[in-house]
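Me: I have a structure to go through with you. Please take my questions in turn and give the reasoning before the result.

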Amino acid sequence: MGNVESINSPNSILVVGGGISGITAAVEAAEVGYEVILLEKSPYLGGRVARMNQYFPKLCAPYCGLEINFRRIKTNPRIKVFTLAEIENISGKEGDYDVTVKLTPRMVNDNCTACGKCVEVCPVERLNDLNYGMDKTKAIYAPNPLSFPTNYVIDTEVCTGAECSKCVSVCPYEAIDLSMTTESVHMKVGSVVMATGWKPYDATKLDNLGYGKYPNVITNVMMERMAATDGPTQGKIVRPSDGKEVKSIAFVQCAGSRDVNHLPYCSAVCCLGSLKQVTYIQEKNPDAKVFLFYIDIRATGYLEDFYRKVQGYENLSLIKGKVAKIKEDPQTKDLTVEAEDVAQGKKVSEPVEMVVLATGLVPSIADIKIAADITYDDYGFIASQPPGIYAAGCSKRPADVSNSVMDATGAALKAIQSVVAGGQNG
Amino acid sequence: MDKKLGVYICGGCSIGDSLDLDKVSEVATKEYKVEICKTHPFLCGKEGAQLIAKDIEDGVNTVVIAACSPRAQQEIFSYDSGVVLERVNLREHVVWSHTPQDENTQMLAEDYLRMGLAKAQKVFPAEPYQEAIDKTILVVGGGISGMTSAVEAAKAGYEVCLVEKSPSLGGWMSKLYKQYPKHPPYQQLEDTGIEAKIKEVEGNPRIKVFTGAEIEKTSGAPGMFDVLVKQNGNQTSLRIGSIIQATGFRPYEANNLDHLGFGKYPDVITNFQMEELAQQGKIKRPSDGKEVESVAFIQCAGQRDENHLPYCSSFCCLTSLKQALYVTEKNTDASVYILYKDIRTPAQYEDFYKRVQEEQAVFFTKGEVEGISEGGGCLTVEVEDTLLGEKIGINADLVVLAVGIVPNSMPEEAKKATAEAESSGEKCEEAAERAADSGFYASPALQLKYRQGPELPTLKYGFPDSHFICFPYETRRTGIYSTGCVRQPEDSATCIDDATGAALKAIQCVEQSSKGMAVHPRTWDQTYPDLFMQRCTQCKRCTEECPFGMYDEDEKFNPLPNPTRCRRCAICMGSCPERIISFKDYSVDIISSMLKAVEVPEEDEEKPRVIAFLCENDAYPALDVAGINRLTYNPYVRVIPVRCLGSINIVWIADALSKGIDGIIMIGCNYGDDYQCHFIKGSELANYRMEKVQETLQRLVLESERIEVWQLSISEYDKLPKIFDDFLETIERVGPNPYKDF
């Protein structure tokens with residue numbers, strides 16, 4: 001992990017955000033030979049992809065690539081990682097930035113061996129944010145067995161603190177320190193990559209679709225956790241209301257996206273995301289009927305192959321039409337999806353046991369106030385930036401993993417150029 | 001180097017409670033006569049770490065740490081490059097997944113220490129490959145992608161040579177009238193800006209431009225490529241560090257689209273021809289020069305069609321939206337019809353789609369075009385309107401086919417095979433896939449003098465893409481990166497991002513090579529294969545099976561290694577029947593020694609022994625997770641991590657069986673179309689080789705069930721205990737290895 005005192009280098013690159021884009025920018029720049037500081041807001045690296053079950057179109061595990069990237073980080077002394085770190089302020093110019101970073105206390109130090117004894121005695125539970133609140137962890141927890149860093153972390157919002165101290169007494173390695181406090185650290189860096197990523201659109205804003213009111217309406221990101229072996233249902237696709245295996249399911253595309261009242265832009269990944277989730281149903285609940293309501297299926301490039309493959313699944317009905325409303329039978333908690341089937345030119349009403357809303361991507365950076373010359377488009381994506389600061393991945397537009405990685409690799413080079421130029425580039 | 005071993009056994013994380021550590025220590029002190037063997041209750045703590053550091057100061061040069069998984073506490077247990085480190089996994093693979101204070105658990109721990117010691121004795125520090133590394137970047141192709149790569153590499157301080165086949169730079173972008181909006185609010189057409197980019201390239205003193213030039217020959221390896229460029233009948237020899245292939249695309253051959261009237265009616269043109277018309281002012285139809293009043297755009301003219309281009313070309317929807325505005329802006333009375341399957345305007349481009357939808361004279365029809373005819377002074381497009389469920393006829397002065405793109409890297413043979421398939425009724429897609437690596441190219445770009453062929457290997461459809469989601473730049477020729485539309489269909493904005501990333505990868509390759517380090521994925525690795533040539537039988541397996549084309553061959557079929565092309569997967573080591581290929585820290589002998597270190601109980605003890613070779617990136621971490629989740633499995637399994645299943649040499653199977661090991665299980669990554677093996681071919685090769693081994697076993701009257709090969713993803717940790725337990729059941733059923741008591 002990072003050593004705060006050592007960071008005072010106009011030749012180093014700061015990467016903000018430890019998702020796939022940030023990890024990529026950091027590792028790629030460091031392997032050219034540059035010093036890199038990688039900041040991540042949450043207690044673990046990997047961001048959104050660490051919460052995906054599989055990637056489209058290969059249906060492979062995100063942790064496979066993350067494992068390679070973590071190994072590249074662990075074996076490269078030029079990368080310093082700070083988790084639970086948020087940027088407070090950036091000032092200066094290309095080649096000479098002053099950055100203030102807020103470090104939230106982990107309450108667990110580097111003595112932690114991840115042995116798990118603390119969890120056994122912790123009396124407090126919390127909703128597991130990694131699983132979008134679908135299950136619980138203890139107040140002291142490890143995000144995921146494959147996550148990096150492996151150290152446990154305490155959720156200070158729920159931990160009862162010193163008066164409990166059960167974890168402190170049981171830890172054989174003096175790894176828990178409940179006296180840790182928030183720190184503010186200053187760094188000098190030469191350039192910055194903003195890889196702040198995305199968050200799902202708040203589905204409760206979609207009144208007509210019943211999310212938050214009807215337990216069996218879930219979102220696409222929740223579906224990823226449900227399908228994951230290490231998720232809240234151990235990989236079983238079941239109804240939240242009664243835990244029953246799902247026999248019919250509807251996917252609602254553009255849940256918020258391409259809608260002037262919500263997200264006017266297209267979120268670029270939700271079509272493929274839902275097609276991928278259809279394969280989860282195909283594998284896990286092979287008898288289930290699947291309905292997918294869409295406006296256009298946007299499977300660009302050779303992702304078309306994957307679309308064609310999923311189209312061949314006999315239990316899948318693709319219906320071109322925007323969903324107008326979702327209703328619930330309060331007794332059975334079954335749902336009815338009402339849509340305009342434009343191909344048939346009539347209204348359809350499809351009864352199903354569960355609905356997945358393909359909610360769109362919202363740029364996380366829209367929430368962060370940074371005093372730097374960054375301009376944003378109407379949706380909060382980075383539209384332009386001064387030389388020395390470079391946007392990567394979903395901070396500038398919705399993109400899939402492969403395109404984010406490509407983009408982050410390019411951003412790493414731009415950041416290097418700024419360091420090489422020492423501020424003479426712009 | 002004289003070996004001075006130190007063995008450090010950790011008692012923390014339940015290791016001390018579950019095992020008799022004194023007995024574990026005796027393996028080191030008594031069996032292996034190691035003088036320094038220390039036990040500590042918290043080895044990764046400050047005191048433990050200092051204990052080891054002090055011994056290294058005092059001369060220990062080989063450290064064996066028996067504690068947690070090698071994946072854990074890597075920063076703490078990391079030493080100078082002169083110190084050999086071996087980690088023995090007593091935590092995740094022993095005490096967290098097996099019964100505490102049990103005879104079998106104890107035997108497992110002791111065996112793992114024996115294996116670690118056997119390995120540590122034979123591993124030596126890396127001696128990096130040192131050669132003069134040239135850091136000049138060669139860019140092949142002078143379109144928007146190639147020019148971007150060149151400028152971006154130069155801005156980072158690198159010398160660049162840019163080779164373009166045509167007489168001028170600019171590529172397809174210079175043929176466009178305008179480009180669709182690339183900036184918020186995505187409403188107005190923009191100039192292409194290509195002239196400025198060309199000036200930037202030509203004015204950069206670090207970039208040497210060769211136009212009207214082609215690569216005649218590329219030999220050598222990263223950091224030391226020798227490239228012969230042919231220009232105006234002259235040849236120039238260049239020393240090059242790494243290469244970016246940005247050779248772009250050609251439009252799909254519209255003559256194949258006779259069902260859409262191309263070639264039959266002069267007023268049916270392609271989207272590329274539409275750009276030329278727009279450059280000339282008013283848009284006039286080719287047949288009689290009349291200014292057009294109605295234009296129909298046919299989307300997916302060949303794309304998303306298994307008989308033409310099965311894939312989507314990504315930017316044709318946006319191009320037609322843009323060209324619709326050419327029509328309405330130049331003639332306010334004109335109407336436009338866009339006939340589409342899906343309108344694909346991802347991300348913020350949706351704003352531009354919305355803007356064109358607001359044009360009153362632009363009509364969108366989702367439908368299948370059934371035919372096209374001429375009469376009454378215009379063309380009529382017959383459409384099955386899938387929204388209205390009826391056939392309609394659209395009259396237009398001009399029909400624009402939105403044709404897709406074909407990568408210039410397309411192997412010629414695929415085309416031939418596709419044609420043959422068409423006549424025999426076979427699916428073209430399958431034929432193209434089969435012939436993808438045929439080695440014949442209509443537009444050769446690199447002319448590599450490699451044993452394995454002259455160009456980058458391609459996937460189906462002819463794109464030399466990496467086929468990795470997390471690592472899009474990886475190619476099967478080290479130090480050669482493809483970018484832009486030759487890699488995948490993408491628009492110019494994406495090409496610019498892509499080409500910048502490719503420039504970084506090219507730079508990174510020369511920097512890593514100059515330190516004697518590998519490039520992705522083993523970027524920390526400074527070893528490289530050493531060949532004991534006296535025993536080589538010129539069998540050509542290494543030269544054929546290396547997924548990265550590392551070996552060339554002389555006229556007597558001797559392998560000629562190119563270390564900077566090597567990715568250190570050791571698949572060549574697995575392929576070699578003479579076992580002459582070794583790395584300092586990974587060799588046939590090292591693993592054989594580990595196998596031989598396993599204690600095999602006599603038959604009547606009824607304790608079978610199984611060796612499990614696990615891919616170190618996926619199956620091995622998955623087994624760690626099984627331990628972290630305290631899943632239990634049979635204690636008779638002995639795990640050996642391998643760089644890739646493809647590095648498994650079949651002599652290890654023979655060694656294990658002759659030693660009395662009852663079964664061998666190999667667990668690697670998925671192979672086939674959606675391969676996840678990070679060395680491309682490794683796990684597939686292993687599977688192929690093991691089929692051969694199973695045949696041999698049957699000849700030796702040994703049951704073929706004694707060997708199993710599995711594909712497993714890193715997330716399928718929950719399946720591992722059952723895979724092991726079932727395999728042990730199989731072994732119990734077939735009985736003990738008859739060679740056990742010899």
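Me: In which sense do β4(A) and β5(A) pair, and over how many bridges?
Reply: This is a predicted model, in which local features need pLDDT of at least 70, side-chain atom pairs count only at pLDDT 80 or more, and totals for chains, interfaces and linings use all residues. Residues are numbered from 1 along each chain as its sequence is written, with chains lettered from A and ligands numbered from 1 in the order in which they are written. Strands here are DSSP runs of E with at least two residues, helices are runs of H or I with at least four, and both are numbered from the N terminus; two strands pair if DSSP finds at least two bridges between them. β4(A) and β5(A), residues 96-103, pair in the antiparallel sense over eight bridges.

Me: Which residue of β5(A) stands opposite Asn89(A)?
Reply: Asn89(A) falls in β4 of chain A, which covers 85-93. The residue opposite Asn89(A) in β5(A) is Thr100(A).

Me: Which strands of the open sheet stand at the edges, and why?
Reply: The sheet has three strands in the order β4-β5-β10 (chain A), with antiparallel pairing. Each edge strand has a single partner, so one side of it is left without a neighbour in the sheet. The edge strands are β4 (85-93) and β10 (183-189) of chain A.

Me: Is Thr137(A) buried or exposed?
Reply: Thr137(A) lies in strand β7 (residues 136-138) of chain A. A residue counts as buried if 20 or more other C-beta atoms lie within 10 Å of its own, exposed if 12 or fewer, and partly exposed in between, with C-beta atoms placed from the backbone. Thr137(A) has 21 other C-beta atoms within 10 Å, so Thr137(A) is buried.

Me: With which residues is Thr137(A) in contact, leaving aside its neighbours within four places in sequence?
Reply: Two residues are in contact if their C-beta atoms, placed from the backbone, lie within 7 Å. Thr137(A) is also 5.6 Å from Glu125(A), C-alpha to C-alpha, at 12 residues apart in sequence. The contacts of Thr137(A) are Arg126(A) and Asn128(A).

Me: Which helix gives the most to the side of domain 4 of chain B that touches domain 5 of chain B?
Reply: Domain bounds, which come from an automatic or database domain assignment, put domain 4 at 530-581 and domain 5 at 586-742 of chain B. In this pair, 10 residues of domain 4 of chain B are in contact with 14 residues of domain 5 of chain B. With three residues, the helix that gives the most to that side of domain 4 is α15 (residues 571-575) of chain B.
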